[in-house]
Amino acid sequence: MLLGEDFDEEEEEDEEKELKEALKKARKARDTVSSTQSDLELALEKASPKLSRQGKAGAEGWSSQLTKVLSQLKMALSGKKKTTSSALKAILEESAKLVKGAKDEAKELKVAPMGKAAFNINGNTLHSAFKI
């Protein structure tokens, strides 16, 4: 009977350790998502006069998805919503996918005429952006 109690305690410690690590990663993800959302909104603001409706809608869609996942991360980190480590991992996976897509979208919004200029702004050349 004593052996079973030790096993339960070890299992609880493992779960607690896993949750602490997931929360640490969630803090980093929250900062990354927030930064990416700011970058996307800035790129959208600068490129807005030159974008089609479809282009604006795409960028705004990424922004709204980032807002949603950011609020989920904040809720999990604040402790207002009880979150298991597996649920937190799912949120982290979703945020990673959204950050990658939003960064690609922001890069498409930043264009420059020459390669070096495009590199300096972390964007694309006009030729690659418009498939010329």
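Trainee: How many salt bridges does a search of the whole structure find?
Mentor: The model is a predicted one, and the salt bridges discussed here are taken from its atoms as they stand. Side chains of opposite charge can pair when their charged atoms come close. A search of the whole structure for such pairs gives a total of five.

Trainee: Which residue meets Glu-18 in a salt bridge, and in which helix does that partner lie?
Mentor: The side chain of Glu-18 meets that of Lys-89, with 3.3 Å from N to O. Glu-18 belongs to helix α1 (residues 2-47) while its partner belongs to another helix, so the pair ties together parts that are 71 residues apart in sequence. The partner is Lys-89, and its helix is α3 (residues 85-109).

Trainee: Are Glu-18 and Lys-89 buried, exposed or partly exposed?
Mentor: A residue is buried under 20% relative accessible area and exposed over 50%, with partly exposed in between. Glu-18 has 38% relative accessibility, and Lys-89 has a relative accessible area of 39%. Because these values lie between the two cut-offs, Glu-18 and Lys-89 count as partly exposed.

Trainee: How many residues apart are Glu-21 and Lys-25?
Mentor: The side chains of Glu-21 and Lys-25 meet in a salt bridge, at 3.9 Å from N to O. An α-helix has 3.6 residues a turn, so residues three or four places apart point the same way. Glu-21 and Lys-25 both lie in helix α1, about one turn of the helix from each other, and their separation is four residues.

Trainee: With which residue does Arg-30 form a salt bridge?
Mentor: Arg-30 is partly exposed at 27% relative accessibility, and its partner is also partly exposed, with a relative accessible area of 46%. The closest N and O atoms of the pair are 3.4 Å apart, and the partner is Asp-31.

Trainee: Which helices each supply at least two residues of the largest nonpolar core?
Mentor: The largest nonpolar core has 22 residues, and those with the most contacts inside it are Val-33, Leu-40, Leu-66, Leu-73 and Leu-109. The helices that each supply at least two residues of this core are α1, α2 and α3.

Trainee: Leaving aside its neighbours within four places in sequence, which residues are in contact with Leu-73?
Mentor: Leu-73 is one of the residues with the most contacts inside the largest nonpolar core. With neighbours within four places in sequence left aside, the residues in contact with Leu-73 are Ala-26, Ala-29, Arg-30, Val-33, Ile-91, Leu-92 and Ser-95.

Trainee: Is Val-99 buried or exposed?
Mentor: Val-99 is found in helix α3, and, leaving aside neighbours within four places in sequence, Val-99 is in contact with Thr-32, Val-33, Thr-36 and Leu-66. Val-99 and Ala-29 are 70 residues apart in sequence, yet their C-alpha atoms are 9.1 Å apart in space. The relative accessibility of Val-99 is 10%, and since buried means under 20%, Val-99 counts as buried.

Trainee: What span does α3 reach from its first C-alpha to its last?
Mentor: The buried residues of α3 include Leu-88, Ile-91, Leu-92, Val-99 and Leu-109. The helix has 25 residues, and at 1.5 Å a residue its reach is close to the expected value, with a span of 36 Å.

Trainee: Is Ser-63 buried or exposed?
Mentor: Ser-63 is found in helix α2, where, not counting residues up to four places away in sequence, Ser-63 touches Gln-37, Leu-40 and Glu-41. Its relative accessible area is 12%, and so Ser-63 is buried.

Trainee: How far apart are the C-alpha atoms of Lys-56 and Glu-45?
Mentor: Lys-56 lies in helix α2 (residues 53-78) and is partly exposed at 29% relative accessibility. Leaving aside neighbours within four places in sequence, Lys-56 is in contact with Leu-44, Ser-48 and Leu-51. Lys-56 and Glu-45 are eleven residues apart along the chain, and their C-alpha atoms are separated by 9.7 Å.

Trainee: What is the radius of gyration of the chain?
Mentor: The secondary structure comes to five helices and two strands, in the pattern α-α-α-β-α-β-α along the sequence. The globule rule gives 14 Å for 132 residues, and the chain is well over that, so it is more spread out than a compact globule, with a radius of gyration of 20 Å.

How values were computed. Residues numbered from 1 in each chain as written. Predicted model: local features only at pLDDT ≥ 70, side-chain atom pairs only at ≥ 80, totals over all residues. Heavy atoms only, no water. Buried < 20%, exposed > 50% of the residue type's maximum accessible area, 1.4 Å probe, protein only. Contact = heavy atoms within 4.5 Å. Salt bridge = Lys/Arg side-chain N within 4 Å of Asp/Glu carboxyl O. Core = buried A, V, L, I, M, F, W, Y, C linked by side-chain atoms within 4.5 Å. Expected span 1.5 Å × (residues − 1). Rg over C-alpha atoms; globule rule 2.2 N^0.38 Å.
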